[in-house]
Amino acid sequence: MTLKNDQSPKINIWMIIKRELKHKKYGFITGVLSLVIATAGFVGSIVLLKGDELATEQLFIEKERELREEMLQLEDDYRVIMRNMGYNVLILNKEQSLSELESNGYASTYLNYEDVWKIAESDMKTLNHLMPVLQEKIYWEEMNIEIFLSGIRGQVPVYSKPRHLTDDDEYRSPIMERVPEGKADLGEEIAVSLNLRPGDIINVKGEKFEVNRVYARRGTRDDMSVWVPLDKAQSILGRPGLINGILALECVCATEMLGQVKEEVAAILPHAQVFEFSSLIAARADVRQRASKLHEEIISAERLHQMELREEKERLASLLVLVLIFGSSVWIFVLIMNNIRERKHEIGILRAIGFRRHQVLQIFLGKSALMGIVAGIIGCISGAWLGILWSGADPAYTGFENLVSLPVIILGLFLAPVLALTAGFLPSVMAANQDPANILSEQ
Amino acid sequence: MVLSISGINKSYKKVKNEAVKALDNVSLEIDQGELVAVNGPSGCGKTTLLLIAGGLLYPDQGEVLLDNTNLYDISANERDKKRAEKIGFVFQQFYLVPYINILENILIPSIGSNSYSSSLEKRARSLIGQFNLSHRIHHKPGELSTGERQRVALARALINEPKILFADEPTGNLDDDNAGIVLNYISDFAKEGGAVLLVTHDGRIGKHAHRTYKMKDGSFLSNTLNV
């Protein structure tokens, strides 16, 4: 009698492997699980380290940016401090004798007021805070005292340095404030000796001014100075359209730029000469360089610290992966040995009915390989997922491919089957070499 | 002659290298259509004889000719192949593969002999019908009675149309009814031209055999012709 309407069975080694796995699924699952742990440990630790590196790099960039801002702020603070030390460049008429300047306390030769605008409107980068001044020592008859009368109009905007200027072309932080129309600023010595205060009215050579402010003592001739608007000073002194000096602040980004200013001014104002107060300039350059060096040192120390941390993490991860791989291999070995013991009689009868050794080997190695393939896929996915999760890196920001590289996934996919086959090889060979006569005679 | 065994000696080494003689100068011939029984108590060497005759255990001396080929003069692979093609085994313990159904169990020798085909599957289904197992075709061994299991084991042994069937205590786990059924199937195989070597300690089996050998301590004591 022949049966009908039954599905034909697929009789081959693969069928035996599949059915046995289904029959002993818990053994298969625990085997896969141990390989998943090893593979996920391998892939996960690499992704974790990479993610950690990217996240750290991201934090580091952020930190560096913050630090840079702090350093810029510090540099700016230094700059302001240095700026408050006053102008460090003086431009005079080329004919001006220095000994005469020293003995009189003011220049006796003149520049045109337009000269300061020629510098301001040039593309010269080394000068800033230009201040045209007309200053002479006079006898203030009304008060019976000698003073330095200074005419100033406030700082002339240097258009090549727009970040220092407001929308109205005024300096955001001028070294010296403009004197408002009709007013005068006083040095402390004058104010104290004449008992003058802001709001008092003074008369200078027939011109009336309201005291605007009194400067604190500086220990220089400024203490004996009276500042009025430039046009008033030109009128009082009878020097219309003239000035006798331009004060400026040399912008020093590096020490090597010192001295460049003379050449640049000479190119614009061939009839002028330049005096640099070099100690101030050098101090300013030194401060700026020190701030920059401090900045670099902090960043380098942080980078070194991160590198050391990373090396330590790598050592720990390598150790962990080795332990996982070893543990997983032992577990697979034990599982397969146990499986062989349980299937001893099955192996015996298969050999008795004509199965070759290599076919028995195929059954066990095939099972190991299948275990490894399944574990490789699950291990790679779970390892990558856990690695990303624990590293705190955001794949949307860092790019998924930067976190989980293809070679790592390929290695992970190969690792589990290779591990399973290696651990399962010896027991499988033992199974294939079992003597069926010994097994079958046990009955 | 399907099987010719001559001058077989076999000893096992036990503790302290003291040899225990399992077979002592045993000779036997089985022709087509013959059912030969070897009867004797446990430990007399019956199973050893069957394993040696089946190409599973090297004898110390003597030769085993299966279809005129000395099984121990050929390579292990060739011996495996001969076993898959020309020998069927039935054991007391059945040794069915527990996780596949009975149709697959019966067809499993085709993997060893690389002989799976649709005609072989037809033969498997035919054997299932012949052995009254049709209603169990998709059942697994654990779901069968002991008698049914032994019938599956017998069908598995016969699937490749072997020249000779080796049966080791095939009724040892069966009740009288099932033992009778199984012995009838074995007899039918012999009647259809197959050769059978059946080893048992059950004296009642002798009536199914053409010849019965009494065995004790590794030697044949007597030879009874039952026909």
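Colleague: How many salt bridges are counted between chain B and chain A?

Modeller: The count is 2 between these chains, where a salt bridge means a side-chain nitrogen of Lys or Arg within 4 Å of a carboxyl oxygen of Asp or Glu. This is a predicted model, in which local features need pLDDT of at least 70 and side-chain atom pairs count only at pLDDT 80 or more, while totals for chains, interfaces and linings use all residues. Residues are numbered from 1 along each chain as its sequence is written, chains are lettered from A and ligands numbered from 1 in the order in which they are written, and side-chain values use heavy atoms, with hydrogens and water left out.

Colleague: What makes B:Glu104 and A:Arg19 a salt bridge?

Modeller: The closest N and O atoms of B:Glu104 and A:Arg19 are 2.5 Å apart, so the pair meets the cut-off. In general, side chains of opposite charge can pair when their charged atoms come close.

Colleague: And why is A:Arg351 with B:Asp80 called a salt bridge?

Modeller: Here the closest N and O atoms are 3.2 Å apart, so this pair also passes the test. It runs between chains, from helix α9 (residues 344-352) of chain A, which holds A:Arg351, to helix α2 of chain B, which holds B:Asp80.

Colleague: Why is A:Arg351 called buried or exposed?

Modeller: Buried means under 20% relative accessible area, exposed over 50%, and partly exposed in between (1.4 Å probe, protein chains only). A:Arg351 has 4% relative accessibility, so it counts as buried. B:Asp80 has a relative accessible area of 4% and is therefore buried too.

Colleague: What is the extent of the contact between chain B and chain A?

Modeller: Taking contact as heavy atoms within 4.5 Å, 39 residues come from chain B and 35 residues from chain A. The two chains bury about 3,400 Å² between them, 62% of it on carbon and sulfur atoms; buried area is the accessible area (1.4 Å probe) that two parts lose on being put together, summed over both. B:Tyr95, B:Tyr99 and B:Ile111 supply 24% of the area that chain B buries against chain A, more than any other three residues.

Colleague: What makes A:Glu62 and A:Arg65 a salt bridge within chain A?

Modeller: Their closest N and O atoms are 2.7 Å apart, so the cut-off is met. Both belong to helix α2 (residues 25-84) of chain A, and because they are 3 residues apart, about one helical turn separates them. A:Glu62, with a relative accessible area of 32%, is partly exposed, and so is A:Arg65 with 37%.

Colleague: How do you know that A:Glu141 and A:Lys205 form a salt bridge?

Modeller: Their closest N and O atoms are 3.3 Å apart, so they qualify as well. A:Glu141 sits in the loop between β3 (127-140) and β4 (145-152) of chain A, and A:Lys205 in the loop between β6 (201-204) and β7 (207-214) of chain A, so the pair ties together parts that are 64 residues apart in sequence. A:Glu141 has 46% relative accessibility, so it is partly exposed; A:Lys205, at 35%, is partly exposed too.

Colleague: How many buried residues does chain A have, as a percentage?

Modeller: Of the 443 residues in chain A, 46% are buried. Over all chains, the structure holds 30 salt bridges.

Note on methods: Helix = DSSP H or I, 4+ residues; strand = E, 2+ residues; numbered from the N terminus.
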